[in-house]
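Colleague: I would like a close look at one part of this model, the sheet. Please go through its strands and what lies against them.

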Amino acid sequence: METIYSNLQQLGGKTELPASPEEATLERVANPQAGIAYCVRFTAPEFTSLCPMTGQPDFAHLVIDYVPGDWLVESKSLKLFLGAFRNHGAFHEDCTISIARRLVDFLNPQWLRIGGYWYPRGGIPIDVFWQTGAVPEQVWIPDQGVPPYRGRG
């Protein structure tokens, strides 16, 4: 029997981590609550990428909020996409905005916001924020809950 989950390829089985974000396959399902405005939050407290200059690891706490339209991102595919950045060299700003833009292009959500809370390198944390526009009316969007840097933990 055909369901909204029938076309998913990664969920329910062993899936290798993609070698790069470009090779990662995001998957989506039809939003069974389409027409209802609500917020979905993904938190990735152990996001890792590489400094493009030194090859040293960079670490971030990512918070992605979105108000879905017709599509929901399948969470395992999102996890694999984010994991693909482990061997990807890019500055904090590029990683954060690239993730958001790929999700927006793929899902066409009513609204999306990302907060990239990067741990210090050279003693300076870098936080990167972006959203698609004004928050939709009558949708509760909670604070991302990540305090300004004072030694995150």
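Modeller: What follows describes the sheet in this predicted model, strand by strand, and then the helix and the pocket.

The sheet is open and consists of four strands in the order β2-β3-β5-β6, paired in the antiparallel sense. β2 and β6 (124-131) are the edge strands; each has a single partner, so one side of each has no neighbour in the sheet. On average, and ignoring direction, neighbouring strands are turned by 15° against each other.

Starting from the β2 edge, β2 (40-50) is joined to β3 (57-67) by nine bridges, and the two strands run antiparallel. One of the bridge pairs is R41 with D65, the latter lying in β3. The hairpin formed by β2 and β3 has six residues between the strands, and G55 there adopts a positive phi near 80°.

β3 is largely enclosed by the rest of the structure, because nine of its eleven residues are buried; the cut-off for buried is under 20% relative accessible area. On the way to the other edge, β3 and β5 are antiparallel and share eight bridges. Here L62 stands opposite G116 in β5.

G116 also stands opposite V128 in β6. β5, residues 111-121, pairs with β6 over seven bridges, in the antiparallel sense.

Against this sheet lies helix α2, residues 92-107, which crosses β2, β3, β5 and β6. The helix α2 runs at about 160° to β5.

The edge strand β2 also takes part in the largest pocket, where it supplies seven residues, the largest share of the lining. This pocket holds about 300 Å³ of space. Its lining comprises 14 residues, and A44, E46, K79, L82 and G83 are the closest to the centre. Besides β2, helix α1 (75-83) supplies at least two residues of the lining. By type, the lining residues divide into seven nonpolar, four polar and three charged.

One residue outside the sheet may be added for contrast. N7 belongs to the segment before β1 (28-30). N7 is exposed, its relative accessible area being 60%. Leaving aside residues up to four places away in sequence, N7 touches E2 and E27. N7 and E27 are 20 residues apart along the chain, and their C-alpha atoms are separated by 8.7 Å.

Notes:
Residues numbered from 1 in each chain as written. Predicted model: local features only at pLDDT ≥ 70, side-chain atom pairs only at ≥ 80, totals over all residues. Heavy atoms only, no water. 1 Å grid on protein atoms, 1.4 Å probe; cavity = no way out; pocket = protein on both sides within 12 Å on 5 of 7 lines; lining within 4 Å. Points joined across faces, edges and corners; volume = space filled by probe spheres on them. Nonpolar A, V, L, I, M, F, W, Y, C, P; charged D, E, K, R; others polar. Pairing = 2+ DSSP bridges. Axes fitted to C-alpha atoms, helices over the stretch in contact; angles between N-to-C directions. Contact = heavy atoms within 4.5 Å. Buried < 20%, exposed > 50% of the residue type's maximum accessible area, 1.4 Å probe, protein only.
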